[in-house]
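Got the viewer open? Let's take a short walk through the chains, picking one selection at a time.

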Amino acid sequence: MSFSWTRVGAILQKELRDYRRNRFVIYTMSLLPLIFIAAPMIQIFAINVSTTSGLFDAHIGVTLLYMLILPAVIPSVLSTYSVVGEREQGTLEPILSTPIHSEEFLVAKALAALLPTLVVSYVIFGIFLGAVAAFAHPAVASAIFERNHLLVQLLFTPLVAGWSIWAGIAISTRMSDVRAAQQLTVLASLPPLAIVALMSFNVITPSLGLTLGLAAALLLVDGLAWRAVAAMFDRERLVTGRR
Amino acid sequence: MTSELADSQHQPSSGGANLGSALVVEHLTKRFGKRIAYEDVSFEVGYGEVFGFLGPNGAGKTTTVRTLGTLIAPTSGSATIARIPLSAESGPAIRARISIMPESPGLYLRLTVAENLECFARLYELRDVRSRIDRVLQAVNLSDRANDLCGSLSKGLRQRVALARALLSDPTVLFLDEPTSGLDPVATRDVHDLLIALRERGVTIFLTTHRLEEAEKLCHRVAILNTTLRLIGRPDELREQLFSRNLEVRTRLQLDEPARVFNGLANVESWEQSPSGSYVLNVTDPDTAAPDIARALVHANVDILSMSESHHSLKDVYLELIDEDVEAKKR
């Protein structure tokens with residue numbers, strides 16, 4: 001039996017329906033973006049444009065970094081729930097008793113975390129750009145709208161989210177407590193942000209080639225992470241709860 | 001159930017080896033480290049048969065179901081499920097032909113009944129999802145609750161939704177793990193009625209339970225597992241294997257010399273007087289023994305109030321076996 005997008009779609013649709021009626025998810029998806037748009041807005045309007053160029057770059061870097069924390073944090077909330085949550089509510093065994101392959105199950109869970117993350121992250125970034133264009137000092141707006149900065153945001157949003165999702169699912173398959181899994185996942189989501197931080201702060205000059213190269217590398221890491229998580233996915237251990 | 005699969009399922013086999021067996025299990029063993037979940041288990045289940053799998057808590061029933069459902073790999077032995085040999089590679093193919101209803105319904109409580117069923121119908125890549133959902137909801141008498149959130153249903157209704165979910169794919173073998181566990185008598189009766197209806201339609205059911213009256217009521221054959229398979233057969237066969245047959249005789253007055261009446265009667269192997277005053281006679285064949293006993297009592301001028309064959313229940317069989325195991329462990 002080959003990989004089935006119908007089965008992936010079944011889980012994905014179920015997850016999205018479940019999110020809509022899950023208060024915890026709704027609050028998280030509403031409050032986190034508010035926090036992550038408020039902080040950079042304050043930062044933008046507090047920037048002193050007459051300061052040294054190094055300090056100015058640092059302020060811009062911190063501001064843009066906030067935008068990439070969102071795709072790292074939101075999926076950690078959703079993906080950590082993916083397996084341990086099913087176990088907690090006793091639905092994992094019925095799902096795994098169907099013809100679904102481990103890879104299909106994992107891809108569905110990853111997409112269910114990725115899609116809302118992308119929507120929220122891009123919408124928030126769009127609102128941020130609109131506010132910058134309308135209200136920020138022209139020098140600040142010019143720095144924010146710099147091509148490579150935009151490229152970093154657009155490319156790294158799904159890639160950072162991807163890493164966070166696979167880390168979250170991997171942790172979710174090994175843990176028996178949702179909250180502990182979420183805390184661990186937030187920590188595990190941070191490494192890709194280090195690269196982005198270096199680029200945002202202009203420690204690494206974000207040239208087009210470098211940005212694309214790092215994005216490709218992170219894409220490869222995300223792909224390998226999927227395979228690693230699929231290999232770790234042990235139905236017997238998950239169903240029996242044995243470590 | 002009106003599907004081709006259900007219609008094509010034939011009458012229960014006697015359990016003998018044949019190519020038409022829905023389940024063939026040979027010397028199956030599962031160990032978790034040093035702990036044995038079950039050992040050297042062998043049996044066959046014919047198409048259309050309702051097979052009861054009995055045993056105390058921790059006997060290995062659920063682990064056996066999970067093994068046959070390809071969720072757990074056996075340590076040794078082999079099995080063929082719906083004519084597909086059990087292996088790591090055949091898992092998805094086997095799971096496409098079976099359904100497992102675990103002890104806990106495992107429903108998505110924030111989804112409606114219909115949404116739960118739709119998800120599973122798509123996991124089985126079924127066609128005509130809507131009509132299938134309507135059909136299984138009708139089968140479990142829940143058509144009017146299709147749009148209710150599962151979280152708003154009682155435990156008994158959730159169990160019925162889980163049964164509807166298990167029926168969605170018209171499975172070749174339906175595994176039911178303690179389907180009435182924790183249900184009140186009315187909900188239990190409802191589930192029993194549904195299972196009887198499935199049995200009459202020829203659905204092959206593998207039923208694990210520790211409710212013995214449930215097994216006796218529903219199953220063509222039963223197996224008693226207590227880590228190893230202790231007995232297998234029809235409930236009446238098991239009774240005969242374990243217990244001698246008895247006739248209980250009630251008389252108006254107590255016999256002065258019962259030994260003179262009963263001793264020497266053909267077919268009567270032994271007798272004793274019960275605390276209630278009746279006489280319990282251990283006989284080889286009740287049909288032959290009863291007239292002889294009646295004649296002997298009339299000849300002794302005794303008024304007979306009643307004579308009946310005393311029945312051992314499946315519970316007696318079960319307790320006898322489990323007590324044997326407990327005694328064996330003490331030794």
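A contact here means heavy atoms within 4.5 Å. Keep that in mind as you select chain A of this predicted model: among its contacts between residues at least 6 apart in sequence, 85% join residues at least 24 apart.

Stay on chain A and switch to cartoon. You'll count twelve helices and zero strands, so the chain is helix after helix, and its radius of gyration of 19 Å is close to the 18 Å that the globule rule gives for 243 residues, making chain A as compact as a globular protein of that length. Spin to the principal axes and the C-alpha trace spans about 65 × 35 × 30 Å.

Now put a surface on chain A. The accessible area is about 10,100 Å², with 69% of that belonging to carbon and sulfur atoms. Of the 243 residues, 54% count as buried. Color by charge next: the 16 positive and 13 negative charges have mean positions 5 Å apart.

Time to hop to chain B for some backbone curiosities. Most residues other than glycine have a negative phi. Which way does phi go at B:Asp170, positive or negative? Select B:Asp170 and check: phi is near 50°, a positive value. B:Asp170 sits in the loop between helix H6 (155–167) and strand E7 (173–177), and at 4% relative accessibility this residue counts as buried.

Last stop: B:Thr227, in the loop between strand E9 (221–226) and strand E10 (228–233). Phi of B:Thr227 is also positive, near 70°. Is B:Thr227 buried or partly exposed? Partly exposed, with a relative accessible area of 22%, where buried would need under 20%.

Note on methods:
Residues are numbered from 1 along each chain as its sequence is written. Chains are lettered from A and ligands numbered from 1 in the order in which they are written. This is a predicted model: local features need pLDDT of at least 70, side-chain atom pairs count only at pLDDT 80 or more; totals for chains, interfaces and linings use all residues. Side-chain values use heavy atoms; hydrogens and water are left out. Helices (H or I, at least four residues) and strands (E, at least two) are DSSP runs, numbered from the N terminus. The radius of gyration is taken over C-alpha atoms; the globule rule is 2.2 Å times the number of residues to the power 0.38. Buried means under 20% relative accessible area, exposed over 50%, partly exposed in between (1.4 Å probe, protein chains only). Accessible areas come from the Shrake-Rupley method with a 1.4 Å probe; for residues, only the protein chains shown count as cover. Lys and Arg count as positive and Asp and Glu as negative; His and the chain ends are not counted. The place of a charge is taken as NZ of Lys, CZ of Arg, CG of Asp or CD of Glu.
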